[in-house]
Structure formats: C-alpha cells, structure tokens
Amino acid sequence: MDSVKKEHSYTYWVKNDPNHPKIDCQPKKVEDPTQVQQVQTIGSQWNVSGTWEEKKVPMTEIKKSLENIIGMKIGQTKISAVESVDGEAHLYLSRGKRRMGYHLKITFALEDDGQIKYTDFTDDGDRDYVLEDVTDETVKHQIEDLHLKTKEFVEVFKN
C-alpha cells in the first residue's frame, strides 16, 4: 500500500498537473472604464439573476392606461369614460420573466347612460361583470372584445 496521502481539494488535479496552464486569479485594476462590461438585467440592478421582485402598480396608472379604451364601440354604443378602478395590481419578476398580478373592480360608462361594472377582473381569468341600465342587447354579445382590450391595457406594465 502507498503511504502517500492524496490531497482532497476540489482543484487537486490542477495543482499537480504540470501540463495544465496556470490561471491568474488576481484582481486587476481597470484603467479604461469603457472596457467594463455592464450586466443587462430586466429587473433592479441588485437582482442580476432575475430571481424575484415585486412592485406595486398604482391604480392611477392603471386607470390612465384604461382610458385608451374610451371610444371603443361595443354593440350599438361606445365606452365614454373609465369611472373607477379599485383593487390591487403588482408587477412580478420571477425567474427572469415579468408577470402581472391583479384583482380589480372597474366601472366603464357607456354613451347611452349605461355602465359595465367588473366586480372581479383578475389575472387568472375571472371576468365577473354586471350590466347596469344597458338597453342595447348586442353589448352582451361583444363583451369578450372588451375583456381582451381591458386585459391588454392592464398588462401594458409588463413590457
């Protein structure tokens, strides 16, 4: 039996191999700042690997985005105003991807004095709504278009 004890380090094979190139791991001062590589992140500077981040989206910003829907034709009428937006909206960064999480109550006013009230508009697909004082029956048949446009303008913060 050989009485020579082997070294059990992670890099034992580098130290003992004469053919292996020596690696210089000493820090070097950068003379030209333009040569420094900037790490591109989609989140904050501290979250380089994009693990988890959460930011609250203000309701005023959501309402401002939803105002792009004003003038959209739905049935024989048009949306005339975004009367109210309540609830919570968050922008999440998880595993390098941006996601929106929201649970909102939205009220749209119609030109014919009716209202479309979303009592539950969420990121998981819930679209509970109430039509108040809506005389045009075709609004019910075209409500899916409003769902898609509302989702599009709520999730604009994801990009």
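Let us start with a pair of strands: strand 1, residues 52-56, runs antiparallel to strand 3, residues 77-94, and five bridges join the two. To find one of these contacts in the viewer, look for Glu54, whose bridge partner in strand 3 is Tyr92. Keep in mind as you explore that this is a predicted model.

Now step back to the whole chain. It has four helices and six strands. Reading from the N terminus, the order of elements is α-β-α-β-β-β-β-β-α-α. How much of the chain is buried? Of its 159 residues, 31% count as buried.

Strand 3 is a good guide to what comes next. Strand 2, made of residues 73-74, also pairs with strand 3 in the antiparallel sense, here over two bridges. Within this pairing, Ile74 stands opposite Thr77 of strand 3. Strands 2 and 3 form a hairpin with two residues between the strands, and Gly75 in that hairpin has a positive phi near 70 degrees.

At its other pairing, strand 3 meets strand 4, residues 97-110. How many bridges do strand 3 and strand 4 share? They share 14 bridges, again in the antiparallel sense. One of the pairs to look for is Ala81 with its bridge partner Ala109 in strand 4. These two strands also make a hairpin with two residues between them, and in the turn Arg95 has a positive phi of about 55 degrees. As background, most residues other than glycine have a negative phi. While you are looking at strands, here is another general point: in a regular strand, side chains alternate between the two faces of the sheet.

Follow the chain onward from strand 4 and you come to Asp113, which lies in the loop between strand 4 and strand 5, the latter covering 115-122. Asp113 is a residue other than glycine, yet its phi is positive, near 70 degrees. Is Asp113 buried or exposed? Its relative accessibility is 68%, and the cut-off for exposed is over 50%, so Asp113 counts as exposed.

Further along, look at the surface for a cluster of acidic residues. Asp123, Asp124, Asp126 and Asp128 gather there in a patch of negative charge. Asp128 has its place in strand 6, residues 127-132, and is partly exposed, with a relative accessible area of 42%. Gly125 is found in the loop between strand 5 and strand 6. Gly125 is partly exposed too, with a relative accessible area of 42%. From Gly125 you can also jump to His147: the two are 22 residues apart in sequence, and their C-alpha atoms are 9.6 Å apart in space.

Charges of opposite sign give us another trail to follow. In general, side chains of opposite charge can pair when their charged atoms come close. A search of the whole structure finds four salt bridges, and we can visit some of them.

Begin with Glu132 and Lys117, which form a salt bridge whose closest N and O atoms are 3.5 Å apart. This pair links distant parts of the chain, since Glu132 is in strand 6 and Lys117 is in strand 5, 15 residues apart. Glu132 is partly exposed at 31% relative accessibility, and Lys117 is partly exposed with a relative accessible area of 27%.

Next, find Lys149 and Glu152, whose side chains meet in a salt bridge with an N to O distance of 3.7 Å. Where do these two residues sit along the chain? They are both in helix 4, residues 143-154, and because they are three residues apart, about one helical turn separates them. Lys149 counts as partly exposed at 33% relative accessibility, and Glu152 counts as partly exposed at 45%.

Our last stop is the salt bridge between the side chains of Glu155 and Lys158, at 3.6 Å from N to O. Is Glu155 buried or exposed? Its relative accessible area is 15%, and buried means under 20%, so Glu155 is buried. Its partner Lys158 is partly exposed, with a relative accessible area of 29%.

Key. Residues numbered from 1 in each chain as written. Predicted model: local features only at pLDDT ≥ 70, side-chain atom pairs only at ≥ 80, totals over all residues. Heavy atoms only, no water. Pairing = 2+ DSSP bridges. Patch = residues over 30% accessible without salt bridge, like charges linked within 9 Å, V, L, I, M, F, W, Y side chains within 5 Å. Areas by Shrake-Rupley, 256 points an atom, 1.4 Å probe, with all protein chains shown as cover. Lys, Arg positive; Asp, Glu negative; His and termini not counted. Charge placed at Lys NZ, Arg CZ, Asp CG, Glu CD. Buried < 20%, exposed > 50% of the residue type's maximum accessible area, 1.4 Å probe, protein only.
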